[in-house]
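I opened this notebook page to record what I looked up about the ligand site and the annotated domains. The entries follow in the order in which I made them.

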Amino acid sequence: MSAEQPSKRTRTSPTYTLIYHPGLPGRGEFTRLALEASGTPYTDLGGEATWGSGDKKTKEALTGQVYATVAPDSLGEGNSPPVYALPALRVENAGTGGGPLVISQTGNMLAYLGAKIGLAGEEDGPDKWHVSELALTALDWTNEAHDTHHPVNMMAYYEDQLEESKKRSKDFREARCPKFLGYFERVLKGNKEKRDGEGKYLVGGKLTYADTTLWQVIDGLLYAFPKELEARKKDYPLIFETFYPTIKEEKGIKEYLASERRIKYSNGIFRKYPELDRQ
Ligand SMILES: N[C@@H](CCC(=O)N[C@@H](CS)C(=O)NCC(=O)O)C(=O)O
């Protein structure tokens, strides 16, 4: 639900439902930011189980709905296949045969929503492919950020893979981050020099879901690797002096970030482990 209309949350029946783990921004945040930036009403199951006003029982029921989506015996809702991993997006009455459409994979969800909510660049033009590729590239970076604290075993404790995490983080900080940062700095520069991006936007002259996605990755890294990013900021002035602060102030985003709906970073993709940061 867009920040301007919180009182309407219960009176409207949003078409879109975001399904993601309660208590974490995680990979659900990329879809949240796109929906919030476009002022699109939506139901946030994991969000309402986190910050919602419902009592314990209501929150447990919401959490139950989230995990029913990825239940190991699920064959999927309506004619949609089962979901492998969260996040997922449910769109009422949009599936084959008229039932719900339930889609997963963050990049896929963003591509589906992008055109419908006006965040995929110029309508029906080639920009939408660049928006998609840039968002997917930022999501690749997210996967690498996740692997800094779980380089060996996704389901094992961080403490049990600490030494490998340190090695992985060193490479992530020293090689991978500069490569991704340098790439996105060039994208911003090219879009500034050749089009009307002004250093604020990755594709063309208006906000797209590539911007919101990259913004979230940078914000997550500022949280997880504050020393590393602080040391590197000066080398990427468009990213840190123009893009990041501009997107933060965009209509919809600014209100959302100040709201209770913005879930705090914790044990998700972006984690604060000072021993993995620059020493
Ligand atoms: N490529 C997928 C990755 C999804 C994913 O890894 N989700 C995590 C939470 S952020 C999860 O629940 N993973 C469980 C698993 O992979 O078994 C996407 O971008 O949506």
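**Domains and ligand site**

I began with residues 131–276, whose end C-alpha atoms lie 31 Å apart and whose span is 63% helix and 0% strand. This is a predicted model, and I kept that in mind for every entry below. In UniProt, an unreviewed entry lists residues 131–276 as "domain: GST C-terminal".

I then turned to residues 14–121, which UniProt, again in an unreviewed entry, lists as "domain: GST N-terminal". For this span I noted 38% helix and 14% strand, with the end C-alpha atoms 24 Å apart.

Next I asked where the ligand sits. I found the ligand in the largest pocket, and the residues around it are Tyr-20, His-21, Arg-27, Tyr-84, Ala-85, Leu-86, Pro-87, Gln-105, Thr-106 and Met-154. Sorting this shell by character, I recorded 6 nonpolar residues, 3 polar and 1 charged.

Which atoms of Leu-86 and Gln-105 lie close to a nitrogen atom of the ligand? For Leu-86 I noted a backbone N or O atom, at 2.7 Å from a ligand nitrogen, whereas for Gln-105 I noted an N or O atom in the side chain, at 2.6 Å from a ligand nitrogen. With His-21, I looked instead at an oxygen atom of the ligand, which is 2.9 Å from an N or O atom in the side chain of that residue.

Finally, I entered the area values: the ligand taken alone exposes 500 Å², and the protein buries 72% of that.

Note on methods:
Residues are numbered from 1 along each chain as its sequence is written. This is a predicted model: local features need pLDDT of at least 70, side-chain atom pairs count only at pLDDT 80 or more; totals for chains, interfaces and linings use all residues. Side-chain values use heavy atoms; hydrogens and water are left out. A residue is near a molecule or strand if one of its heavy atoms lies within 4 Å of it. A polar contact is a pair of N or O atoms within 3.5 Å; within protein, one must be able to donate a hydrogen and the other to accept it, and residues adjacent in sequence count only if both atoms are side-chain atoms. Accessible areas come from the Shrake-Rupley method with a 1.4 Å probe; for residues, only the protein chains shown count as cover. On a 1 Å grid over the protein atoms alone, a cavity is a set of points where a 1.4 Å probe fits but cannot get out, and a pocket is an open set with protein on both sides within 12 Å along at least five of seven lines; lining residues have an atom within 4 Å of a point. A molecule sits in a cavity or pocket if more than half of its atoms lie within 2 Å of its grid points. Ala, Val, Leu, Ile, Met, Phe, Trp, Tyr, Cys and Pro count as nonpolar, Asp, Glu, Lys and Arg as charged, and the others, Gly among them, as polar. UniProt positions are given in the numbering used here, feature names are shortened, and annotations may be inferred rather than shown by experiment. Helices (H or I, at least four residues) and strands (E, at least two) are DSSP runs, numbered from the N terminus.
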